[in-house]
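Let's take a walk through a protein model together. Have the sequence and the 3D view ready, and pause at each stop to find the residues for yourself.

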Amino acid sequence: MKFQSDGRLSMDGGGIDKEHCFVVEARMALPNEYFAGRTGSRFLTALRDEKRILGVRCPSCGKTFVPPRETCEWCWSKIGENSVEVGKEGEIVAHTVVRYEDRHLPKKPPYILALIQLKGADTPFPHIVEGVDPAYVFPGMAVRAVFAKVPVNTLMGIDHFEPL
């Protein structure tokens, strides 16, 4: 498909007259279900039922990934079945402050969203940090996971991280 010089959209030799198209600009929410797969389901179940954080370790290159994934992004080995527990503590690698409100966000703003390098993991894990003024958050700040009081089937099984 491409637009012709007269503004019409051509498709396979035919065309659609763009001039007679009605366009509505709007937001659309689409309800959906997400299947986390075997690897993601093990991760979420461990968070919910055991308050443990699982990653996967690559037997070829030794990297440990959190959240877990099926394939090593470094050497492309299949790693989905190599679950390992990582620490509940780590340090902030980077952060930002979320200041806008949207019904799809997990918390009311403002809140701190950080990349957290958990002990035993080689990849940072994105999550919320609470219990500290955003002005005092810094890379290298030590934090620990605070698990949700009521079990949930999402990443929010960790309610937030807090400074040590």
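Why does Arg-52 count as partly exposed? Arg-52 counts as partly exposed because its relative accessibility is 27%, and partly exposed residues lie between the 20% and 50% cut-offs. Keep in mind that you are looking at a predicted model.

Arg-52 has a partner: its side chain meets that of Glu-50 in a salt bridge, with 2.6 Å from N to O. Glu-50 is partly exposed too, at a relative accessible area of 45%. The count of salt bridges comes to 11, so let's visit a few others. Arg-69 and Glu-73 join their side chains at 2.7 Å, N to O. Of these two, Arg-69 is partly exposed at 23%, and Glu-73 is partly exposed at 42%. Lys-119 and Glu-89 form a salt bridge at 3.5 Å, N to O. This pair links distant parts of the chain, as Lys-119 sits in the loop between β8 and β9 while Glu-89 lies in strand β7, 30 residues apart. Lys-119 is exposed, with a relative accessible area of 53%, whereas Glu-89 is partly exposed at 28%. Finally, Arg-38, Arg-42 and Glu-81 are linked in a network of salt bridges.

Now turn to the strands. In a regular strand, side chains alternate between the two faces of the sheet. Try strand β10, residues 142–147: Val-143, Ala-145 and Phe-147 point to one face and are buried, while Ala-142, Arg-144 and Val-146 point to the other and are not. Strand β10 pairs with β7 in the antiparallel sense over 3 bridges, and here Gly-90 stands opposite Val-143. Strand β10 is also joined to β11 by 5 bridges, again antiparallel, with Ala-145 opposite Phe-161.

Strand β6 alternates as well: Val-84 and Val-86 are buried on one face, while Ser-83 and Glu-85 point to the other and are not buried. Its antiparallel partner is β4, joined by 4 bridges, and Leu-54 of that pairing stands opposite Glu-85.

What about the interior? In soluble globular proteins, nonpolar side chains tend to be buried together. The largest nonpolar core in this model has 23 residues, and those with the most contacts inside it are Ile-53, Leu-118 and Phe-161. Helix α1 and strands β4, β8, β9, β10 and β11 each supply at least two residues of this core. Look closely at Ile-53: among the residues it touches are Phe-43, Leu-47, Val-84, Leu-118, Ala-145 and Phe-147. A second, separate core has 5 residues, including Val-56, Phe-65, Cys-72 and Ile-79.

Technical notes:
Residues are numbered from 1 along each chain as its sequence is written. This is a predicted model: local features need pLDDT of at least 70, side-chain atom pairs count only at pLDDT 80 or more; totals for chains, interfaces and linings use all residues. Side-chain values use heavy atoms; hydrogens and water are left out. Buried means under 20% relative accessible area, exposed over 50%, partly exposed in between (1.4 Å probe, protein chains only). Two strands pair if DSSP finds at least two bridges between them. A nonpolar core is a set of buried Ala, Val, Leu, Ile, Met, Phe, Trp, Tyr and Cys residues joined through side-chain atoms within 4.5 Å. Contact means heavy atoms within 4.5 Å. A salt bridge is a side-chain nitrogen of Lys or Arg within 4 Å of a carboxyl oxygen of Asp or Glu. Lists of a residue's contacts leave out its neighbours within four places in sequence.
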